[in-house]
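Visitor: I am new to this structure and should like to understand the terms used for it. May I see it before asking about them?

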Amino acid sequence: MTVSEDELIRMRAKAAEVTARVDQLAAELDEVSTRIKAVSVTAKSADQLIRATVGPEGRLTRLELDRDIYTFHTPDELAREIEETIAAAATEAQQRVMAMCRPFVSDDQMQAALSYDYKTLAQGLTGGPRDEPIPA
């Protein structure tokens with residue numbers, strides 16, 4: 001089978017178009033990755049005595065307690081308030097990361113990644129179930 005000169009020109013143009021799109025997507029992913037790494041969310045407790053800051057993965061990076069906090073909370077109440085404040089910040093961070101990733105992956109894929117459900121994530125990325133196990 002021979003390819004005409006016109007077909008060859010069209011194939012080269014299509015290959016150049018695909019290459020340009022891949023390069024554009026790679027640049028966009030690099031930008032999103034940089035923006036995700038910079039996510040930082042601070043939440044305050046209802047009484048404003050607790051401030052919790054988390055990074056993009058929801059891990060605590062800073063915790064601030066007002067000096068008067070012990071006069072308003074028992075130890076159990078304080079622990080619960082701290083947990084709730086951290087959870088609020090982590091939820092907001094997760095929502096921001098998901099919004100940044102939405103142009104590239106579905107919410108289901110993102111949720112699978114955030115909940116460490118790699119089987120579902122792999123299925124979403126490959127278009128179906130994997131026959132071979134995911135390497136450890």
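Guide: This is a predicted model. Its protein chain has five helices and three strands, and from the N terminus on the elements run α-β-β-β-α-α-α-α.

Visitor: How many of the residues count as buried, and what makes a residue buried?

Guide: A residue is buried when its relative accessible area is under 20%. Of the 136 residues of the protein chain, 23% count as buried.

Visitor: How do you know that β1 and β2 pair, and in which direction do they run?

Guide: Pairing requires at least two bridges between two strands. Four bridges join β1 to β2 (residues 50-54), so this requirement is met; the two strands run antiparallel. Within this pair, Ala-43 has Ala-52 as its bridge partner, and Val-41 stands opposite Val-54.

Visitor: What links β1 to β2 along the chain?

Guide: The two strands form a hairpin with five residues between them. In the turn, Gln-48 has a positive phi of about 65°.

Visitor: What is the order of the strands in the sheet, and which of them are edge strands?

Guide: The order is β1-β2-β3 in an open sheet of three strands, with antiparallel pairing. The edge strands are β1 (41-44) and β3 (60-65), as each pairs on one side only. Neighbouring strands of the sheet are turned by 15° against each other on average, direction ignored.

Visitor: Which helix packs on the sheet, and which strands does that helix touch?

Guide: Helix α3 (residues 75-101) packs there, touching β1, β2 and β3. The direction of α3 makes about 35° with that of β2.

Visitor: Which residues of β1 lie on the covered face, and which on the uncovered one?

Guide: Val-41 and Ala-43 form the covered face, while Thr-42 and Lys-44 form the uncovered one. In a regular strand the side chains alternate between the two faces of the sheet.

Visitor: Why is the contact between Glu-64 and Arg-51 called a salt bridge?

Guide: The cut-off is 4 Å between a side-chain nitrogen of Lys or Arg and a carboxyl oxygen of Asp or Glu. The closest N and O atoms of Glu-64 and Arg-51 are 3.4 Å apart, so the pair qualifies as a salt bridge. Glu-64 lies in strand β3 and Arg-51 in strand β2, so the pair ties together parts that are 13 residues apart in sequence.

Visitor: Are these two residues buried, partly exposed or exposed, and what makes them so?

Guide: Partly exposed residues fall between under 20% for buried and over 50% for exposed. Glu-64 has 26% relative accessibility and therefore counts as partly exposed; Arg-51, at 31%, likewise counts as partly exposed.

Visitor: With which other residue does Glu-64 form a salt bridge?

Guide: Glu-64 also forms a salt bridge with Arg-62, where the closest N and O atoms are 3.2 Å apart.

Visitor: How many salt bridges does a search of the whole structure find, and where is one in helix α3?

Guide: The search finds five salt bridges. One of them joins the side chains of Arg-96 and Glu-92, at 3.0 Å from N to O. Both residues lie in helix α3, four residues apart, which is about one turn of the helix. Arg-96 counts as partly exposed at 36% relative accessibility, and Glu-92 is partly exposed with a relative accessible area of 30%. Elsewhere, salt bridges that share partners join Arg-51, Arg-62 and Glu-64 into one network.

Visitor: Why are α3 and α4 called oblique to each other?

Guide: Helix α4 comprises residues 107-114, and α3 packs with α4 at an angle of about 135°. Angles over 145 degrees count as roughly antiparallel and those from 65 to 115 as roughly perpendicular. The angle of about 135° falls in neither range, so the two helices are oblique. Their axes are 10 Å apart, and α3 passes α4 in a right-handed crossing.

Visitor: Which residues meet between these two helices?

Guide: Gln-94, Val-97, Met-98 and Cys-101 in α3 meet Asp-107, Met-110, Gln-111 and Leu-114 in α4.

Visitor: What makes Glu-84 partly exposed?

Guide: Glu-84, which is found in helix α3, has a relative accessible area of 45%. Exposed would require over 50% and buried under 20%, so Glu-84 is partly exposed. The C-alpha atoms of Glu-84 and Ser-45 are separated by 7.8 Å, although these residues are 39 residues apart along the chain.

How values were computed: Residues numbered from 1 in each chain as written. Predicted model: local features only at pLDDT ≥ 70, side-chain atom pairs only at ≥ 80, totals over all residues. Heavy atoms only, no water. Axes fitted to C-alpha atoms, helices over the stretch in contact; angles between N-to-C directions. Contact = heavy atoms within 4.5 Å. Buried < 20%, exposed > 50% of the residue type's maximum accessible area, 1.4 Å probe, protein only. Parallel < 35°, antiparallel > 145°, perpendicular 65-115°, else oblique. Left-handed = near helix turned anticlockwise from the far one by under 90°.
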